[in-house]
Amino acid sequence: MRVECVPEMEPYSCDTFVALPPATVGNRVIFGKNSDRLFDEVQEVIYCPAAVHNDLGKRLKCTYIEIDQVPETYAVVLSRPAWLWGAEMGANEHGVCIGNEAVWGRENVSKEEALLGMDLVRLGLERADTAEKALDVIVDLLEKYGQGGNCAEGEEFSYYNSFLIADRNEAWILETSGKYWAAEKVQETGVRNISNQFSITTKIDREHPDMRNYAKQKGWWDGRGDFDFTAAYSYINTASMMTSSSRYCQGYKLLHKHKGNITFETMTEILRDKPSGINMKGEFLTTASMVSVLPQDSSLPCIHFFTGTPHPERSVFKPFIFVPHISQLLDTKSPTFELERLMAKKPYIKPDRRHLLYQKHQQALEMISNNKEKSKTMLDHMRKLEKEVFEEMESILQNKHLDMDKTVNLFPQCVKDEIKIYHSNISS
């Protein structure tokens, strides 16, 4: 009898959620994600406009490798670790949202440089106007270029990826192991979450054509009975998957607790939940968060909220709406360094990638860390700002009125208002 050893799980975590009507209020799809990464990694929020690429002979440089460019790319807003090309999470002008998770299974993770899962997030957003088309983009690129490479700056760390992909009408879960994959369409009226584990079992709506044969060849499936992707490709006992204390299970419980009444405010509270471990602290912590509201009524705008700072319970969710002539997001853009030149230096020293908002947020939290009264005052002001912004966004969704002149500067202005709160607490 051959005994397989379960590898020790890396202390790395993210959680991504989606809720579809009627699990939500107001015929809206609600998407949310916490990006949990190394405690000192800076995440920036950037906007990339739509573009036409006439010179298709010019290759696109991703984090490590170059790939073929496409004739047209869509406008995207991204929350990404500042050292790489891709993104942990983001949205595009067509209301497609994607978040990815690190996963480990039976297949050894490739350290050879290829596309990162975070590159695939950005590529899916730039090249697809629906959730299922984004899935197609990702699996096609996975087949052509593969996935692999170091996923942390200056650290040895690699993994495969799962993705939650949503638009105004539907959502998909895509889980990968090397070039093999399975996809599950989220049931209408349902809620779904992913964490750092495989979760697709026997409900497989799309799959790699050789996925089952490969599992049989490796001895992970005997070819009899229903095929269970998680049972075959990972070490998880799917029979007890929903009764464990894992963050996946805790996230599932939180979604079902609020099912039928989920709003974007509900999603922010789920992302801020500490007892479940979803709001993470420690060497790996929640470095940035995102919530999106995707109305099924196409006459209404999709609204995407980003923190751009760690600790969601001590951050402000700030709104972004795609409109023409958007102001650049300068206060959440990190300084630029050439990654290859930095990596060539030994020993490797991480540069200071903190953008202005991150700096002021960090300074303010350090200033109030030992002063409960100041801490309460600052957090009260932050919640007041957030509440006012949430009410304004709800008014837009209810009244179908969008002030275009104000909206082009919506996210940058909210960032400046947040920085003012930090300045007042630092100087007082």
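**Exercise 1. Sort the residues of β10 by the way they point, and decide whether they are buried or exposed.**

Solution. Cys-97, Gly-99, Glu-101 and Val-103 point one way from β10. Ile-98, Asn-100 and Ala-102 point the other way. All of them are buried. The model is predicted. In a regular strand, side chains alternate between the two faces of the sheet. Now count: 7 of the 7 residues of β10 are buried, so β10 is largely enclosed by the rest of the structure.

**Exercise 2. Find the strands that pair with β10, and name a residue pair for each.**

Solution. Start with β9. It is joined to β10 by 3 bridges, and the two run antiparallel. Here Gly-90 stands opposite Ile-98 of β10. The two strands form a hairpin with 4 residues between them. In its turn, Gly-95 has a positive phi of about 85°.

Next take β11. It is joined to β10 by 7 bridges, again in an antiparallel run. The bridge partner of Val-103 in β11 is Tyr-160.

**Exercise 3. Extend the sheet beyond β9, then place its edges and the helix that packs on it.**

Solution. Step one: go from β9 to β8. Strand β8 covers residues 76–81 and β9 covers residues 89–92; 4 bridges join them, antiparallel. Ser-79 has Met-89 as its bridge partner in β9.

Step two: write the full order. The open sheet has 8 strands, β3-β8-β9-β10-β11-β12-β13-β15, with antiparallel pairing. The edges are β3 (43–48) and β15 (206–207). Each has a single partner strand, so one side of each is left without a neighbour in the sheet.

Step three: add the helix. Helix α1, residues 117–127, packs on the sheet. It touches β3, β8, β9, β10 and β11. Its direction makes about 165° with that of β10.

**Exercise 4. Describe how helices α9 and α11 pack.**

Solution. Two packed helices are described by the angle between their axes and the distance between the axes. Take α9 (residues 372–399) and α11 (residues 410–427): their axes come within 10 Å and cross at roughly 165°. Angles over 145 degrees count as roughly antiparallel. Therefore α9 is roughly antiparallel to α11. The crossing is right-handed.

Now list the contact. On the α9 side are Lys-374, Met-378, His-381, Met-382, Leu-385, Val-389 and Met-393. They meet Leu-410, Cys-414, Asp-417, Glu-418, Ile-421, Tyr-422 and Asn-425 in α11. Sort these residues by type: 9 are nonpolar, 2 polar and 3 charged.

Methods. Residues numbered from 1 in each chain as written. Predicted model: local features only at pLDDT ≥ 70, side-chain atom pairs only at ≥ 80, totals over all residues. Heavy atoms only, no water. Pairing = 2+ DSSP bridges. Contact = heavy atoms within 4.5 Å. Axes fitted to C-alpha atoms, helices over the stretch in contact; angles between N-to-C directions. Parallel < 35°, antiparallel > 145°, perpendicular 65-115°, else oblique. Left-handed = near helix turned anticlockwise from the far one by under 90°. Nonpolar A, V, L, I, M, F, W, Y, C, P; charged D, E, K, R; others polar. Buried < 20%, exposed > 50% of the residue type's maximum accessible area, 1.4 Å probe, protein only.
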